[in-house]
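Grab a coffee and work through a few short exercises on pockets and charged pairs. Try each task on the structure before you read the solution.

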Amino acid sequence: VEVARRLRRRLRRDDLLARLGGDEFTVLVEGVSSSDVVELLVGKLLEAFTKPVVVDSHELFVNASVGVARFPQDGATVDELVRNADTAMYRAKELGSGMVSFYTGSLTEQARERLALGNDLRRAVRQGAIQLHYQPQVSLLGCPGVGVEALARWVHPTRGAVSPATFVPLIAELGLSAPFGLHVLRRACDDAQGWRQAGVPLTTVAVNVCPRQLDAGTRFAAEVREVLATTGLPPHVLELEITEGALQGGSAEAMALLGELRDIGVRVAIDDFGTGWSSLSRLNLMPIDRLKIDRSFVTALPDDSGAATIARAVVALARSLGLEVVAEGVETEAQRDFLRRQGCHIGQGWLWSKALPAADIPAWAASVPLVPSPPTAAPEAPAAVTLAQ
């Protein structure tokens, strides 16, 4: 109601404003002489969202994504114009919050392609056709054994390999997160138990958990129990990776679920640490075992002073809390040596191996030393770092 009121105030008397459903509004403007006029109008409409909406004394900040279709080049009928404006609006959403997109013919083709890809992805998830590859994790401090992280891969029957950057967000959009996540969890635990029975000194199989799975709460914990019981994998071998953003706010429900997972015996890691808005005060209260340093910090090591300072701070913070640290994206010996000097526990990246099919893990594990050489020097004393929020 408040958004409608604000939009109405920014339109001319003869302009049409309609709410089509949900959170979508459509504006029909006649007598537009140029694209400049349209851009000016869009700018005025977006101004409606610069101030928060107050509901029951709470300030709510919202944004809008705008799609524009013009007559006659973008459609000769009402249906065509509305449909193409809607297509442009979804394109604006993909570009980011508060963006504007003008319709072009290529957008329709992109929409068709996305629809076809989505249908194929539904079929692949339903049939269990999503494959898993595993990227090894190696101790940097001389501890025996190896770990792996499960990474989803999709080979389309006609398109070939589809990038995870394309199909993983699409899984969430299509509402497939829960069945997809359960498929990955079951397959990863089954593969891990098979390696253990084959003599692989496996310490950890890490599986990513999406926010939708966390929302399921007790049901998700029950699924974890069922998978472990079915596959026979010891709980301490399974590690569930949860992104910083999924735990934002540290709700009582999320904390209870973490506690329930720990009661099962599985380990919990915070993935991509440092890229979100962590509450350091709550980090100490979370029942977690590991922090994973995001690859964006590791890539710049050791020469970038800012990245080096952050890496030192994260390692020092984790060690002071009794947590292990995993560094993602290690590609050079210089990065490895820097992380070892800080006392980072685990390294993961192309320096050791790319992600491998399940069948290749035993041979890879047999080719690496079970006990890597320890660091050549003691961990550096961390610099004095002030962390404020």
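**Exercise 1. Find out which residues Glu149, Glu241, Lys292 and Glu328 form together, and where one of them turns up again.**

Keep in mind that you're looking at a predicted model.

Step 1. Look at the four side chains: Glu149, Glu241, Lys292 and Glu328 are joined in a network of salt bridges.

Step 2. Now go to the second largest pocket, which has a volume of about 930 Å³. There are 35 residues lining that pocket, and Glu149 is among the closest to its centre, along with Ala150, Leu151, Val168 and Asn208.

**Exercise 2. Describe the wall of the second largest pocket by element and by residue class.**

Step 1. List the elements that give two or more residues to the lining: strands S7 (131-139), S8 (146-156), S10 (202-209), S11 (238-243) and S12 (267-273), plus helices H5 (164-173), H6 (177-197) and H7 (211-215).

Step 2. Pick the top contributor: H5 supplies the largest share, six residues.

Step 3. Sort the lining by class, and you get 17 nonpolar, nine polar and nine charged residues.

**Exercise 3. Work out how the salt bridge between Asp120 and Arg123 sits in the fold.**

Step 1. Check the distance: the N to O gap is 3.0 Å, and the cut-off for a salt bridge is 4 Å, so the pair counts.

Step 2. Place both residues: Asp120 and Arg123 are in helix H4 (residues 105-126), three residues apart, about one turn of the helix.

Step 3. Ask about solvent: Arg123 has 38% relative accessibility, so it counts as partly exposed.

**Exercise 4. Explain what the pair Arg262 and Asp289 ties together.**

Step 1. Confirm the contact: the two side chains meet in a salt bridge at 3.8 Å, N to O.

Step 2. Trace each partner. Arg262 is in helix H9 (residues 252-264), while Asp289 is in the loop between helix H10 (280-283) and strand S13 (290-293), so the bridge ties together parts that are 27 residues apart in sequence.

Step 3. Add the exposure: Arg262 is partly exposed, at 33% relative accessible area.

**Exercise 5. Are Arg70 and Asp74 buried or partly exposed?**

Step 1. Start from the pairing: Arg70 and Asp74 form a salt bridge, with the closest N and O atoms 3.7 Å apart.

Step 2. Take the arginine: Arg70 has a relative accessible area of 22%, so it is partly exposed.

Step 3. Take the aspartate: at 8%, Asp74 is buried, since buried means under 20%.

Step 4. To finish, put this pair in context: the whole model has 15 salt bridges.

How values were computed: Residues are numbered from 1 along each chain as its sequence is written. This is a predicted model: local features need pLDDT of at least 70, side-chain atom pairs count only at pLDDT 80 or more; totals for chains, interfaces and linings use all residues. Side-chain values use heavy atoms; hydrogens and water are left out. On a 1 Å grid over the protein atoms alone, a cavity is a set of points where a 1.4 Å probe fits but cannot get out, and a pocket is an open set with protein on both sides within 12 Å along at least five of seven lines; lining residues have an atom within 4 Å of a point. Grid points are joined across faces, edges and corners, and a volume is the space filled by probe spheres set on the points. Helices (H or I, at least four residues) and strands (E, at least two) are DSSP runs, numbered from the N terminus. Ala, Val, Leu, Ile, Met, Phe, Trp, Tyr, Cys and Pro count as nonpolar, Asp, Glu, Lys and Arg as charged, and the others, Gly among them, as polar. Buried means under 20% relative accessible area, exposed over 50%, partly exposed in between (1.4 Å probe, protein chains only).
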